[in-house]
Amino acid sequence: MSHYAAPRVAVVVVSYNTRDLLRQCLQSVTTAELPTQVVVVDNASRDGSAEMVRREFPHVDLIVNRENRGFAAATNQGLRHALTPRTPLWSLADATDAAAEAEQPCYLLLLNPDACLRAGALQAMVEFMDAHPRVGCVGARLLYPDGRPQPAAWRFPTLWMTLFDLFPPRGPLLGRLYFSPLNGRYREEGGREPFPIDHPLGAAMLIRRTTLEEVGLFDEGYWMYAEEVDWCYRCRQAGWAIWQVPQAEVIHVAGASARQFRAQSFEALHRSRMRFFRKHYGERAWRRHARVIRAGMLWSTLATWTGWLRRRRASDEIRARLWSYGRVLRLTYEA
């Protein structure tokens, strides 16, 4: 019986109108040191992304959606594809359980199209996971293209974090609180030793296949944002640990897809956060969170009108912002 060579890692990339960044991302993956299977899910891009992948990366498994299904749903498409045995089913009919399992990757790397692996990054994450069998997911150290560190390790959302986001502290003393553990930050600067975290930023996270099978796929109720936070919360609830591996460095542009529709992204962000609070913290916590969001939208509306009166912002921007604040305000009254 012949079998295809099983990849150690399957890389899943969900892309939306990020052709040039996607090219760089895939180039960084193809130079990785480990046998990898690469799956790109194109969420109805209009910039020729799918054609570029077919032409320049023929070895990549490409899934093209006719409509933008959202990040969580598209990620699940990629994960299901990666976990489908590559040997024809008739060849596996008489295979042992061990042989069938060998057809699947040990790990799955979720990588944003605006992220590029630095040399040795994937190897560092895999080696750490190999050495720590109760770690279900690891994140990488993220860097902006100019080399500046990017916050990549986070605590689970709290009401304090919502307050800091909507009412950021001002001044040199209070400003430090914004980057403190009170606002969900871990101290990442300069350290090279791996450390446990609540969740990584979803731009680059390596998941153990057996953990995914136990925890389940992403919640498709999140259209965009917080889907990785929700999955990591469920992962921790199931008893798996989550760590950051600073030796694994990834360049991340940040927000390449979201910038294409800022108003919708702003609404999606708050819709996802509210979904997380209600799902995991309960109705009372959700209502407290909703009241803070309500106050934040009213404050932002007032600040926007003040900026317009002082002629600091263009009328088109004013309308877009007010529309966004109104949409989010409406969310806080949904049953």
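Start by selecting Tyr225: at 27% relative accessibility, this residue counts as partly exposed. You're working with a predicted model, by the way. Tyr225 sits in the loop that links helix H9 (209-215) to helix H10 (227-237). Check its backbone too, since Tyr225 isn't a glycine and still has a positive phi of about 80°. For background, most residues other than glycine have a negative phi.

**Another positive phi**

Next, jump to Asn17, in the loop between strand E1 (9-15) and helix H1 (19-30). Here phi is positive as well, at about 55°, and Asn17 is not a glycine either. Is Asn17 buried or exposed? Asn17 is buried, because its relative accessible area is 16% and the cut-off for buried is under 20%.

**Zoom out for a moment**

Show the whole chain as a cartoon. You should find 13 helices and 12 strands. The protein has 335 residues, and buried ones make up 50% of them. If you like contact maps, take the contacts with a separation of 6 or more: 77% of them come from residues 24 or more positions apart. Switch on a surface and the accessible total is about 16,500 Å², with 55% of that belonging to carbon and sulfur atoms.

**Arg208, a buried charge**

Now pick Arg208, in strand E11 (residues 204-208). What is the nearest side chain of opposite charge? That would be Asp130, 5.5 Å away, and Arg208 is buried with no salt bridge. The distance to Asp130 is 5.5 Å, so this pair fails the salt-bridge test, which asks for a side-chain nitrogen within 4 Å of a carboxyl oxygen. Look instead at the backbone oxygen of Met129, which the Arg208 side chain reaches at 2.8 Å. To see the surroundings, display the residues Arg208 contacts beyond four places in sequence, among them Cys106, Tyr107, His132, Pro133 and Trp240.

**Gln104 and its partners**

From there, select Gln104, in the loop between helix H5 (97-102) and strand E4 (107-111). Gln104 counts as buried, with 18% relative accessibility. Its side chain does two things worth drawing as dashed lines. One goes to the backbone oxygen of Leu83, at 2.7 Å. The other is a polar contact of 3.4 Å with the side chain of Arg209. Leaving out neighbours within four places in sequence, the contacts of Gln104 are Pro7, Leu83, Arg209 and Glu213.

**Leu159 in helix H7**

Move along to Leu159, which lies in helix H7 and counts as partly exposed at 27% relative accessibility. Beyond its neighbours within four places in sequence, Leu159 touches Phe277, Arg288, His289 and Val292. Try a distance label as well: Leu159 and Asn183 are 24 residues apart in sequence, and their C-alpha atoms are 9.3 Å apart in space.

**Last stop: a nonpolar patch**

Which residues form the nonpolar patch on the surface? Select Trp160, Leu163, Phe167, Leu177, Leu182, Trp299 and Leu302, and colour them together. Their combined accessible area is about 670 Å². Helix H7 (159-166) and helix H12 (283-309) are the elements that give two or more residues to this patch. To finish, click on Leu302, which lies in helix H12.

Technical notes. Residues are numbered from 1 along each chain as its sequence is written. This is a predicted model: local features need pLDDT of at least 70, side-chain atom pairs count only at pLDDT 80 or more; totals for chains, interfaces and linings use all residues. Side-chain values use heavy atoms; hydrogens and water are left out. Helices (H or I, at least four residues) and strands (E, at least two) are DSSP runs, numbered from the N terminus. Buried means under 20% relative accessible area, exposed over 50%, partly exposed in between (1.4 Å probe, protein chains only). Lys and Arg count as positive and Asp and Glu as negative; His and the chain ends are not counted. A polar contact is a pair of N or O atoms within 3.5 Å; within protein, one must be able to donate a hydrogen and the other to accept it, and residues adjacent in sequence count only if both atoms are side-chain atoms. Contact means heavy atoms within 4.5 Å. Patches are made of residues with over 30% relative accessible area and no salt bridge: like charges are joined within 9 Å, nonpolar side chains (Val, Leu, Ile, Met, Phe, Trp, Tyr) within 5 Å. Accessible areas come from the Shrake-Rupley method with a 1.4 Å probe; for residues, only the protein chains shown count as cover.
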